[in-house]
Amino acid sequence: MERLDDISARLLALGWAPELAFLERTYSERRYDELFSNHRFVCMTTKLTEHGWRRIKGEMTRLMQGVRKQRLDDEAHTVSYKRGMSFESAGKELVEEYLDEHEEMKIFGLNIADLMHTPEVQHLLCAPKDTHVDEQSFLALQAQMETTMEGWKSRACNTLRQLIRRTKRAPKASNVDMLELATTVFRCNCCSPGYLFYPNVLGHKCLRPGPDPLFTFLHGHRYGLFDNMLFLGMFEARNLRFEAALPRTARQIIQVCNKDPDTVTAREMDSLDIRLVRDDVTIMTWRAAVS
Ligand SMILES: [Zn+2]
């Protein structure tokens, strides 16, 4: 015991106080003994001499370095966890308030997971651990929610545009946003719901897979609860079974309606309010006919 106290005193003098405190605070008695008090250099019966300390100092320092890594990891995790919890409550409030004022954004399926992955929120979540970040820090983002959500929408739309550009029939450059074109549709081969139009495609459930990233962020690596999903995840178009499709039938239908498939938007087609008849029996909108 005296030797243990002597070694601890030497380590304290070398600045390992936080590590020794961490060992006592977080380790069970058994683990503490295994790692430290029963260490072959610590539990010897001989009294610690100056010469003896020099002989074991290197080994004891390596031991403390290992503990320091654990301590820093543990502190980082605690900070992340607290920030995640603060964001969970503030984020819900921010998204709800934003959607109350922007009904038109509801169709995008926008949720707290999308908000969490914006640079503005990541900046706070990943700030150096000694930076104070709490619920109020996240709530303060309310003042810039317009910019934050516009940024999110723009990145999500660009992902979809990239998918369209990869298709053989990608539209030639025109003044109309390719996402708005009536010929632009997407296909999800996970659930085959027919073609998906923009903007509804952004809310499609298969493109918001679990586990919810917030939940993973909070509990994932510590508790391993990857199978849980609190709500739909963030929009994620990188899905091998999802693709842009520019079907020939869409062009034909648009031409039947006397419109130019290279320039007419889905909204313009809607405003025609026409009904098409298939096989003299089924009456349908142009969207249903394309799907
Ligand atoms: Zn799907």
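**Close-up 1. Exposed and buried sides of helix α10 in the predicted model.** On one side of α10, Arg248 and Val256 are exposed; the structure shown is a predicted model. On the other side of the helix from these two residues, Ala250, Ile253 and Ile254 are buried. Viewed down the axis of α10, the buried residues fall within an arc of 100 degrees, so they line one face of the helix. The elements that cover the buried residues of α10 include α11, β4 and α12 (residues 286–290).

**Close-up 2. Residues with positive phi in the loops on either side of α11.** Asn258 is placed in the loop between α10 (residues 248–256) and α11 (residues 266–272). Just after α10, this asparagine takes a positive phi of about 60 degrees, although Asn258 is not a glycine. With a relative accessibility of 71%, Asn258 counts as exposed. Asp273 lies in the loop between α11 and β4 (residues 276–278). Asp273 is likewise not a glycine, and its phi is positive at about 50 degrees. The relative accessibility of Asp273 is 54%, and the residue therefore counts as exposed, the cut-off being over 50%.

**Close-up 3. Packing of helix α1 against helix α4.** Helix α1 comprises residues 2–13 and helix α4 comprises residues 50–101. The two helices pack at an angle of about 70 degrees, and their axes are 11 Å apart. Angles of 65 to 115 degrees count as roughly perpendicular, and α1 and α4 are therefore roughly perpendicular to each other. The crossing in which α1 passes α4 is right-handed. From α1, the residues Arg3, Ile7, Arg10 and Leu11 meet Glu50, Trp53, Ile56, Met60 and Met64 of α4. Grouped by class, this contact of α1 with α4 has six nonpolar residues, three charged residues and no polar residues.

**Close-up 4. Surroundings of Ser8 in helix α1.** Ser8 is found in helix α1. The relative accessibility of Ser8 is 14%, so this serine counts as buried, the cut-off being under 20%. Leaving aside residues up to four places away in sequence, Ser8 touches Leu20 and Phe36. Of these partners, Leu20 is one of the buried residues of helix α2.

**Close-up 5. The two faces of helix α2.** In helix α2 (residues 17–26), the buried residues are Glu19, Leu20, Phe22 and Leu23. Seen down the helix axis, the buried residues of α2 fall within an arc of 160 degrees, so they line one face of the helix. The face of α2 turned away from this buried side carries the exposed residues Glu24 and Arg25. Cover for the buried residues of α2 includes α1, α3 (residues 29–37) and α4.

**Close-up 6. The cis peptide bond between Tyr198 and Pro199.** Tyr198 and Pro199 are joined by a cis peptide bond, for which omega is about 10 degrees. Pro199 is placed in the loop between strand β2 (residues 195–196) and helix α9 (residues 213–223).

**Close-up 7. Ser154 in helix α8 and its separation from Lys69.** Ser154 is found in helix α8, which covers residues 145–165. At 38% relative accessibility, Ser154 counts as partly exposed. In sequence, Ser154 and Lys69 are 85 residues apart; in space, they are 40 Å apart from C-alpha to C-alpha.

Definitions and conventions: Residues numbered from 1 in each chain as written. Predicted model: local features only at pLDDT ≥ 70, side-chain atom pairs only at ≥ 80, totals over all residues. Heavy atoms only, no water. Axes fitted to C-alpha atoms, helices over the stretch in contact; angles between N-to-C directions. Helix = DSSP H or I, 4+ residues; strand = E, 2+ residues; numbered from the N terminus. Parallel < 35°, antiparallel > 145°, perpendicular 65-115°, else oblique. Left-handed = near helix turned anticlockwise from the far one by under 90°. Contact = heavy atoms within 4.5 Å. Nonpolar A, V, L, I, M, F, W, Y, C, P; charged D, E, K, R; others polar. Buried < 20%, exposed > 50% of the residue type's maximum accessible area, 1.4 Å probe, protein only. Arc of directions from axis to C-beta.
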